[in-house]
Amino acid sequence: MKTFVKTMGKTNSAGFLHLVGEFPKLREAKLKEGVFVGTQIRQVFRDPNFEKTLSELEMSAGNSFTWVCENFLGNMKSSNYREGVETLLNADEKMGCRMSLKLHFLHSHLDFSLRPWCCK
């Protein structure tokens, strides 16, 4: 979410301006840095007006992020988690987002982190 909002803030896209209006109590510096907590992230992606303000590239990156949050980072892992993470990485790259260290770690350790620990 942080890299997604930071990239939108650099161009002052319509989606970013919508976030500024949606969260008037957050300082603009926090918005430009993409500092959100979990409830705010859920509020953003449930807002139908936010989706209307996004460009096609921003929409694909946002949908990929939402899919990864719901189908990979939760308690249940989807069987096609690799494709979901790859889609997120491709969408972020097209949008111009920089890969965070956490996302890089997630991507480079996909196979390792999901192996059964009982098998050696």
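In what order do the elements of the protein run from the N terminus on? The succession is α-α-α-α-α-α-α-α-α. The predicted model thus contains 9 helices and 0 strands.

Confidence was examined next. Mean pLDDT for the protein is 78. A value of 70 or more is reached by 88% of the residues. Helix H5, residues 48-53, has the highest confidence, with a mean of 87. The lowest falls in helix H9, residues 110-113, where the mean is 58. Across residues 113-120, pLDDT is below 50. That stretch makes 4 contacts in the model beyond near neighbours in sequence.

Burial and surface were computed for the whole protein. The chain has 120 residues, and 35% of them count as buried. The exposed area is about 8200 Å². Carbon and sulfur atoms supply 55% of that area. Contacts were also sorted by sequence separation. Among those with a separation of 6 or more, 57% join residues 24 or more positions apart.

One residue was followed in detail. Ser-64 is part of helix H6, which spans residues 56-71. Is Ser-64 buried or exposed? Its relative accessibility is 8%, so Ser-64 counts as buried; the cut-off for burial is under 20%. Which residues touch Ser-64, once neighbours within four places in sequence are left aside? The contacts of Ser-64 are then Thr-87, Leu-88 and Ala-91.

Notes
Residues are numbered from 1 along each chain as its sequence is written. This is a predicted model: local features need pLDDT of at least 70, side-chain atom pairs count only at pLDDT 80 or more; totals for chains, interfaces and linings use all residues. Side-chain values use heavy atoms; hydrogens and water are left out. Helices (H or I, at least four residues) and strands (E, at least two) are DSSP runs, numbered from the N terminus. Buried means under 20% relative accessible area, exposed over 50%, partly exposed in between (1.4 Å probe, protein chains only). Contact means heavy atoms within 4.5 Å. pLDDT is the predictor's confidence in each residue, from 0 to 100. Accessible areas come from the Shrake-Rupley method with a 1.4 Å probe; for residues, only the protein chains shown count as cover.
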